[in-house]
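Dear colleague,

I am passing on the structure that follows, and I would be glad if you could look through it with the notes below beside you. They are written for someone who has not seen it before.

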Amino acid sequence: MPVFVLTHYAEETTALFRNDNNGFFSDNRWAAKVAVSGLGLVGWGTAFLDFDNDGNDDLFITDGHLVDNIQLLRDTASYAQKNQLFINKSGTFGQVLYSPESIVGRGVAYGDFDNDGNADILVTNNNQQSILYRNTWAGRNHWITIQLVGTKSNRDGIGSKVIIVTGGKTRIKQSNGGGSYLSASDHRLHFGLVNSSIIDQLVVHWPSGTTDQFRDVPGDQFIRIEEHGGMTRLESAMM
């Protein structure tokens, strides 16, 4: 079910809204358990990414107060704060991991910068160096990363909807041109495939209104799909 998230100021809760498919969104922050942590934090950039390739997009939020001398005004608050990674277990973010360091976070971008099949995170900070969090998760879940190339549609395939069916489950992602706060992420679409090494069906709906379909696509690879031009396995992951 499509959702969107809103970060918050101190003493407020992160909001997560679920698309009810009837023109309305429901406030799902408490049921999804994203509102149970971080009351003293000030949230900025966000990212939905499947860091462990289990088929569920996890939620990363970077935090940092707006007031640089907030500790003089409130001894329980701090300017530099910890980032949060909410682990998605079938729509519920009950487990939260915090970064070991405290920073003044602002922007968040994500992508597989080292092309190892795991999504990584870049955080920009206020008056501090940026931080690159390299994903070193060592699990064995399968994955696939897709680069779209439009011909009749725009070159980057922005606005395309990709549907994959594997292991009896259907997953949908849309290629977006924007990103989070002051950030733009990797345009490639990354899917965690859990224990399925083969995608039964892969469908691309292009902005032009055309559709490409593929069957029995092997996982654990980088592929390029050109609008009505077929699929290419990339021997080198660098794009």
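Tyr 181 is a convenient place to start: with a relative accessible area of 37%, Tyr 181 is partly exposed, because that value falls between the 20% under which a residue counts as buried and the 50% over which it counts as exposed. Please keep in mind throughout that this is a predicted model.

A search of the whole structure finds 5 aromatic pairs. In one of them, the ring of Tyr 181 is partnered by that of Trp 44, with the ring centres 5.2 Å apart and the planes at 55°, so the pair is tilted. This pair links distant parts of the chain, since Trp 44 lies in strand β4 (residues 43–49) while Tyr 181 belongs to the loop between β13 (169–174) and β14 (189–194), 137 residues apart. Trp 44, unlike its partner, counts as buried, because its relative accessibility is 19%. Trp 44 has a further contact to look at, as the charged end of Arg 106 sits over its ring, 4.1 Å from the centre.

Another pair is formed by Phe 60 and Tyr 133, which is also tilted, at 6.0 Å centre to centre and with 55° between the planes. Here too distant parts of the chain are linked: Phe 60 is in strand β5 (residues 58–63) and Tyr 133 in strand β10 (residues 128–133), 73 residues apart. Phe 60 counts as buried, because its relative accessibility is 6%.

The strands that carry Trp 44 and Phe 60 are themselves partners, as β4 and β5 pair in the antiparallel sense over 5 bridges. Within that pairing, Phe 48 has Leu 59 in β5 as its bridge partner. In β4, 6 of the 7 residues are buried, so this strand is largely enclosed by the rest of the structure.

The loop between β13 and β14 also holds His 187, which counts as partly exposed because its relative accessibility is 32%. The C-alpha atom of His 187 is separated by 9.0 Å from that of Ile 146, although the two residues are 41 residues apart along the chain. The strands on either side of this loop contribute a charge over a ring, for the charged end of Lys 173 sits over the ring of Phe 191, 5.1 Å from its centre.

Further along the chain, which strands does β15 pair with? On one hand, β15 (residues 198–205) pairs with strand β12 (residues 161–166) in the antiparallel sense over 5 bridges, and in that pairing Val 165 has Gln 201 of β15 as its bridge partner. On the other hand, 7 bridges join β15 to strand β16 (residues 211–218), and these two strands likewise run antiparallel, with Val 203 standing opposite Gln 213 in β16. Together β15 and β16 form a hairpin with 5 residues between them, and in its turn Gly 209 has a positive phi of about 100°.

Lastly, at the other end of the numbering, Phe 4, Phe 17 and Phe 25 form one aromatic cluster. Two of these residues, Phe 4 and Phe 25, join Leu 6 in making a nonpolar surface patch of about 270 Å². Leu 6 is placed in strand β1 (residues 3–6), and it counts as partly exposed because its relative accessibility is 42%.

With kind regards

Key. Residues numbered from 1 in each chain as written. Predicted model: local features only at pLDDT ≥ 70, side-chain atom pairs only at ≥ 80, totals over all residues. Heavy atoms only, no water. Patch = residues over 30% accessible without salt bridge, like charges linked within 9 Å, V, L, I, M, F, W, Y side chains within 5 Å. Areas by Shrake-Rupley, 256 points an atom, 1.4 Å probe, with all protein chains shown as cover. Salt bridge = Lys/Arg side-chain N within 4 Å of Asp/Glu carboxyl O. Helix = DSSP H or I, 4+ residues; strand = E, 2+ residues; numbered from the N terminus. Buried < 20%, exposed > 50% of the residue type's maximum accessible area, 1.4 Å probe, protein only. Pairing = 2+ DSSP bridges. Phe/Tyr/Trp six-rings, centres within 6.5 Å; stacked < 30°, edge-to-face > 60°. Lys NZ or Arg CZ within 6 Å of the ring centre and 35° of its normal.
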